[in-house]
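Visitor: I have just started learning about structures, and I would like to understand the words people use for them. Could you take me through this one step by step?

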Amino acid sequence: MPGVAIGLAIFCFAVLIEENTGLPLSASIWVLIAGHLLITVPWVVRLCLASLANHDRAAEEAAATLGARPLTVIWRVTLPAMRQGIIAAALFAFIISFENLEMTLFLISPGLTTLPISVLQYLQYHIDPMVAAVAVAQMVVIGGALLLLDRFVQLGRVVQ
Amino acid sequence: MSGRVPHLELDRLSKQYGHHTVVDAVSLAVREGEMVVLLGPSGCGKTTILRMIAGLTPASGGDLLLDGKSILALPAHQREMGIVFQSYALFPHMTVANNIAFGLEMRRQARGDIDARVQEMLRLVKLEPLAARLPRQLSGGQQQRVALARALAIHPRVLLLDEPLSNLDAALRQEVARDIRILQREGGLTAIMVTHDQDEAMAMADRLVVMMDGRVQQIGSQEDLYERPETPFVARFIGHSNIFAGELDGDALRLGDERISLAARYGGRGTVTLALRPERVSLAAPGKNARLHGRIELSTYLGSVVEHVVALAGAERLVVRNASSGAGQARVHAVGEMVGLTWDRAGERLFDADERPLAPLGEIQLEETERTTSHV
């Protein structure tokens with residue numbers, strides 16, 4: 001399981017740094033966030049790049065000749081052109097981060113956990129409908145995100 | 001305004017990519033209100049020149065002067081050039097009105113002024129009913145007009161047109177060309193257009209610049225280029241002259257086994273290039289009064305003209321185009337028919353080995369010059 005491998009590697013790395021520098025990294029929320037960034041960034045980059053595939057660079061040049069400074073060009077022309085891609089990437093990243101279990105297992109600590117892991121731990125000691133309710137809630141959230149995603153990706157295709 | 005100083009001046013402007021020279025020391029002075037067309041095959045550096053003027057591509061050498069002041073150091077957003085791209089490059093997420101307003105917003109003008117100017121531009125390009133549409137809801141011709149309106153809205157110091165007609169269908173092209181020309185004339189705009197289409201260039205230009213391999217071949221009016229091409233390339237590119245390279249031998253050009261009797265006498269010897277205008281060569285009965293003989297390979301009625309492809313004795317071919325109406329009207333000839341070809345000194349132009357034109361020293365009359373051609 002690559003997720004397990006990444007989680008273990010990040011954990012070992014954090015421990016190593018903590019031993020050598022004294023920074024309290026092994027149970028830090030920052031390592032958890034960094035781990036989730038690591039697994040979501042490839043998706044975000046890929047989707048954002050795809051949204052630029054049909055982008056006409058000449059539009060940016062036209063904006064420049066019309067008097068727009070480089071940052072204005074990015075804000076007014078490039079980012080709006082990437083809008084579909086950015087929205088899709090954000091939803092995708094959310095889903096991947098939200099449902100990740102294997103990697104996150106190594107990065108949690110007491111008082112710092114994620115929903116899927118809480119569910120797992122709860123299941124070890126209790127058997128009641130609470131977990132089923134959480135699972136339904138989770139499915140609704142992810143399903144909603146997927147529906148939104150589908151809508152925007154579809155829209156993206158139509159636009160192009 | 002149109003004083004001694006040219007409005008826009010290119011002074012030995014150059015562009016190199018590594019060791020590859022794309023634009024080689026091009027100098028050009030553009031007067032206020034003038035439309036100059038850069039004409040040449042693709043890859044000749046014409047678009048690079050346009051991009052250097054707009055500030056989108058940095059120049060490698062030379063200078064660029066606007067009203068006598070160098071603008072080479074200015075970034076694109078400070079040059080105030082209006083550019084219409086080949087792809088139009090409209091902002092896809094903005095309406096027509098917002099596209100046109102963009103340049104004015106960058107100038108931080110008051111909302112009321114912007115709206116008024118946008119209305120004015122929409123009226124100018126006849127797109128008022130479509131102000132709220134998005135670019136993808138417009139036809140190619142309409143998009144092109146939005147691009148033009150967007151460039152003109154900012155009162156550009158020079159209007160730059162990069163192949164503005166190449167994405168339009170043939171029927172629309174002439175109409176749009178005329179519209180652009182009228183707008184440019186009426187507004188007294190200085191404009192530089194880039195194209196590879198010589199008809200388009202001839203129709204739009206006050207002056208033309210013919211380019212090849214990054215160098216200027218010739219600068220001049222339509223008539224200069226057509227009547228007095230300065231290089232064989234110009235002769236071929238403008239009006240599709242027939243080009244033959246051979247040896248100058250007295251009053252004739254030797255071309256392998258072929259001898260072409262010239263219409264004028266030239267000083268000089270050695271290897272020369274002959275350019276013959278298809279429209280100025282006429283067919284005659286084979287015999288003494290023909291400068292050259294050949295066999296009809298193809299003869300096509302094209303409406304206003306009849307085009308003959310004549311195969312010469314060697315592997316060479318010659319294209320002749322004659323009017324299908326009026327005096328000496330041409331007719332379609334049978335394939336394989338032997339014909340004579342004749343022309344006068346205005347139909348030919350000779351270039352020496354260095355591709356410089358040779359001046360005719362005197363006319364050579366054929367023995368019995370019979371100018372009518374078609375009654376062969």
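**A guided tour of two chains**

Guide: Gladly! What covers the buried residues of α2(B) includes α3 (57-65) of chain A, together with α3 (111-124) and α4 (140-153) of chain B. Please keep in mind that this is a predicted model.

Visitor: Which residues of α2(B) are the buried ones?

Guide: They are B:V96, B:A97, B:N99, B:I100, B:A101, B:F102, B:G103 and B:L104. A residue is called buried if 20 or more other C-beta atoms lie within 10 Å of its own. Eight of the eleven residues of helix α2 (residues 96-106) of chain B are buried, so this helix is largely enclosed by the rest of the structure.

Visitor: What comes just after α2(B)?

Guide: There you find B:R108, which takes a positive phi of about 55°.

Visitor: Why is B:P129 called exposed?

Guide: A residue counts as exposed if 12 or fewer other C-beta atoms lie within 10 Å of its own. B:P129 has 9 such atoms within 10 Å, so B:P129 is exposed. You can find B:P129 in the loop between α3 and α4 of chain B. From B:P129 to B:F85 the distance is 24 Å, C-alpha to C-alpha, and the two are 44 residues apart in sequence.

Visitor: Why are α2(B) and α4(B) called roughly parallel?

Guide: Two packed helices are described by the angle between their axes and the distance between the axes. The axes of α2(B) and α4(B) come within 7 Å and cross at roughly 25°. Angles under 35 degrees count as roughly parallel. The two helices are therefore roughly parallel to each other, and their crossing is right-handed.

Visitor: Which residues make that contact?

Guide: From α2(B) come B:V96, B:N99, B:I100, B:F102, B:G103 and B:L104, and from α4(B) come B:V146, B:A149, B:R150 and B:A153. By class, these residues divide into seven nonpolar, two polar and one charged.

Visitor: And what makes α1(A) oblique to α2(A)?

Guide: The axes of helix α1 (residues 2-21) of chain A and helix α2 (residues 29-52) of chain A come within 11 Å and cross at roughly 140°. The label "roughly antiparallel" asks for an angle over 145 degrees, and "roughly perpendicular" covers 65 to 115. The crossing angle of roughly 140° fits neither label, which makes α1(A) oblique to α2(A). This crossing is right-handed.

Visitor: Which residues meet there?

Guide: A:I6, A:G7, A:I10 and A:A14 of α1(A) meet A:V31, A:G35 and A:I39 of α2(A). Five of the residues in this contact are nonpolar, two are polar and none is charged.

Visitor: How many residues does each chain bring to the contact between the chains?

Guide: Chain B gives 17 residues and chain A gives 15 residues. On the side of chain B that touches chain A, β6 (81-84) and α2 of chain B each supply at least two residues. The largest share of that side, three residues, comes from α2(B). By class, this side of chain B has twelve nonpolar, four polar and one charged residues.

Visitor: How do you know that β7(B) and β8(B) pair?

Guide: Two strands pair if there are at least two bridges between them. Strand β7 (residues 158-162) and strand β8 (residues 191-195) of chain B have four bridges, in the parallel sense. These bridges include the one from B:L159 to its partner B:A191 in β8(B).

Visitor: Which sheet do they belong to, and what makes a strand an edge strand?

Guide: Six strands of chain B form an open sheet with mixed pairing, in the order β6-β7-β8-β3-β9-β10. The edge strands are β6 and β10 (215-220) of chain B: each pairs on one side only.

Visitor: Where is there antiparallel pairing?

Guide: Seven bridges join β1(B) to strand β2 (residues 20-30) of chain B, and these strands run antiparallel. They form a hairpin with two residues between them, and B:G18 in the turn has a positive phi of about 65°. Strand β1 (residues 8-17) of chain B also runs antiparallel to strand β4 (residues 61-66) of chain B, with five bridges between them. In that pairing, B:S14 stands opposite B:G61.

Key
Residues numbered from 1 in each chain as written. Chains lettered and ligands numbered in written order. Predicted model: local features only at pLDDT ≥ 70, side-chain atom pairs only at ≥ 80, totals over all residues. Contact = placed C-beta atoms within 7 Å. Nonpolar A, V, L, I, M, F, W, Y, C, P; charged D, E, K, R; others polar. Axes fitted to C-alpha atoms, helices over the stretch in contact; angles between N-to-C directions. Left-handed = near helix turned anticlockwise from the far one by under 90°.
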